[in-house]
Each structure stands twice: as C-alpha cells, then as structure tokens.
Amino acid sequence: MIKILLFVIVLASSCITFADSQLHGTFDGDKALAHINKQVSFGPRTLDNPKAKAETLSFIRDYLQPLATKLTVQPFSANGISGNNVWASFISPKPNTRNQRIMFGAHWDSRPISEQESDSSKQHLPTPGANDGGSGVAVLLELARIFAANPPPINVDLVFFDLEDMGNIDNLPFAIGARAFVKRNRFYRPSGGVIVDMVCDKNLTIPQELYSKTQATELVNKLWTIAARQKATVFSKTQGTYIQDDHLPFLEANIPVVDLIHYPFPDYWHTSEDTPDKCSSDSLRQVGNVLLSLVYESS
Ligand SMILES: [Zn+2]
C-alpha cells in the first residue's frame, strides 16, 4: 500500500513538472551563470568606472535588442548623480482583456565600496558584484531569451535599474534608479512585479521579505505556492526582515512588487569576495522557473 501510494505521489509530481515545462521553455541556469561571469569580467559597474558601466550597458542592450518587442534606455539624474535604466517589453500576441502586465526588475550597478570587510584596509574596494547585482541581471537576461522564443500570455517588462547600491554612501539613498523610473513613468501601472537581487548563492535562502509580505501579500503567496509545487527549495516559507531595495518606490506608488532576496545576507555581502565562484546555476534555475510559471500561468 505504501509502495503504491509512493508511486502515485511520484507520478503526480512528475506530471506537474512535465506540465510546467510544457507551458514554456525551461530556464537554463548555466546560461544565467555565464551572464554573471560576463558582467564581472567588465569590472565593477560603478560611477568611478565609466568604461565598465558603458560596456555593461552595451552588453545588456545588445542582448535584449533582438529579443524584446520594445527596448528603451532611460537616462536620469537624481541626487546629484546620473544613470541609465533599461526597459525591455515583451508584448503578448494574445488578446489580453484584463490588461495584465508584470514587471521583473534587477539592479545592474554594483557597490563601489566594501564596507562589510573586516579588514578596514579593504573597505574602500569595490565589490565585484557577482551575486549583488550580477545575479539579478543574469536571471532577467535568461528570461528574455525564453520570452522571445515562447511569447508570454500577458505583457512582461524587464527593467534593469541603475544606481541601486549607493545607499549610505555620501548620504545617498538606496534604489535611486528605481525611484527615478517610477517618477518618470508615472502612468506605468503593471499589475505587479518582482525584484530579483542576490539570487545565485550555492546556499540560497529566500524568505518572505517583510515589505513584500505586508504590501504585496497576494503576489508573495502566489510565488511561494508555485515554488512549493516546483520543489524550489531556495524559497523558504519563513518571515524575512524589512529590506531597502528597488521594490520600495513601487510599493510607495501602490504597485505590488515583491523583493526576492537572499537573507540573512551571505557573509561576503558588500565585500570584495562577492565573486562568481559563490554562485550556483541550480539556485538561478529554481528562481527563474518560478518566475516563468508566474507568467505562463497568467492570462
Ligand atoms: Zn547591495
């Protein structure tokens, strides 16, 4: 009896996996990992490294250009500094009567200092930003490949925010680019959104970040339900903490945006050790596949 039951359970769960992959292509964690390596190879994506910023911006733009329905680079100035947000749209070929639109966002800058280094002589160094910055961009780029090959049933926007990680440097806030984006595009009202930040660690754990849980509850529940079904174990159904990230300007505008972020932060967070060897293609794949289901199961 136990054996039969076990067989039924195994069969049922493999059917679900099969159904998920039938809806769309699957997320390739190795491709995402390669996107992290590429970004890190340009060097720190910081204001004092304009060559790396220009190369990274070109890389993101050139990758998206043949894939997206529409691609826009929005330069902005705020808090005395300037940056560029990149916005790629994938417009569904299906009639979308409820006008559903979802946004996925990540920050493409990296932190110019390593204030969490225990050795004070290293604190002025920039972080390589493999996980913090690189991983979110990598997930979005791999999603773009799949959306282009399998047109989604709803409209999807991928937004790459600049200048997220300047917080507490020269009294600057976090999420400068995301705030500029919300301000500039005040008629942009997606049904919801997800920010991906620090999602490649080998021991990734994503609890329910508290601004998201309290202000985008429905979307949090939807994501964690998909994750449970997909056995995406990087999603932990535990309470996280309140984190300053690119979702906040959206929540302040009453747009439900969830922050998927590793917490407690890994020990190399905001240090010079945030390098690609900390990353796992499987963690990236789990996150990517949950986002794909969120899109392809909507209509
Ligand atoms: Zn950071």
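**Figure 1. Helix 4 and helix 9 meet in a right-handed crossing.** In this predicted model, where local features need pLDDT of at least 70, side-chain atom pairs count only at pLDDT 80 or more, and totals for chains, interfaces and linings use all residues, helix 4 (residues 130-149) passes helix 9 (281-296) in a crossing that is right-handed, the near helix being turned clockwise from the far one by less than a right angle. Residues are numbered from 1 along each chain as its sequence is written, and side-chain values use heavy atoms, with hydrogens and water left out. Helices (H or I, at least four residues) and strands (E, at least two) are DSSP runs, numbered from the N terminus. The axes, which are lines fitted to C-alpha atoms over the stretch in contact, are 10 Å apart and at an angle of about 45 degrees. The two helices are therefore oblique to each other, a term for angles that are not under 35 degrees (roughly parallel), over 145 (roughly antiparallel) or 65 to 115 (roughly perpendicular). Contact, meaning heavy atoms within 4.5 Å, is made by Ser135, Val139, Leu143, Ile146 and Phe147 of helix 4 and by residues of helix 9 including Leu284, Gly288 and Leu291.

**Figure 2. Three protein residues serve as donors to the zinc ion.** Asp132 (OD), Asp165 (OD) and His270 (NE2) lie 2.0 to 2.3 Å from the zinc ion, donors being N, O and S atoms within 2.8 Å of the metal (3.2 Å for Na, K and Ca); because water is not among the atoms, sites may look incomplete. The spacing of these donor residues in sequence is D-x32-D-x104-H. Asp132 lies in helix 4 and Asp165 in the loop between strand 4 (155-161) and helix 5 (176-184), so the pair ties together parts that are 33 residues apart in sequence. Both Asp132 and Asp165 are buried, that is, under 20% relative accessible area, with exposed set at over 50% and partly exposed in between (1.4 Å probe, protein chains only).

**Figure 3. Ser298 is found in the segment after helix 9.** With 12% relative accessibility, Ser298 counts as buried, and a polar atom of its side chain lies 2.5 Å from the backbone oxygen of Leu294. Apart from neighbours within four places in sequence, Ser298 is in contact with Gln100, Pro153 and Ile154.

**Figure 4. Val86 of strand 2 is buried, at 0% relative accessibility.** Not counting residues up to four places away in sequence, Val86 touches, among others, Leu57, Ile60, Leu64 and Leu158.

Notes: Polar contact = N/O pair within 3.5 Å; in protein donor to acceptor, adjacent residues only side chain to side chain. Axes fitted to C-alpha atoms, helices over the stretch in contact; angles between N-to-C directions.
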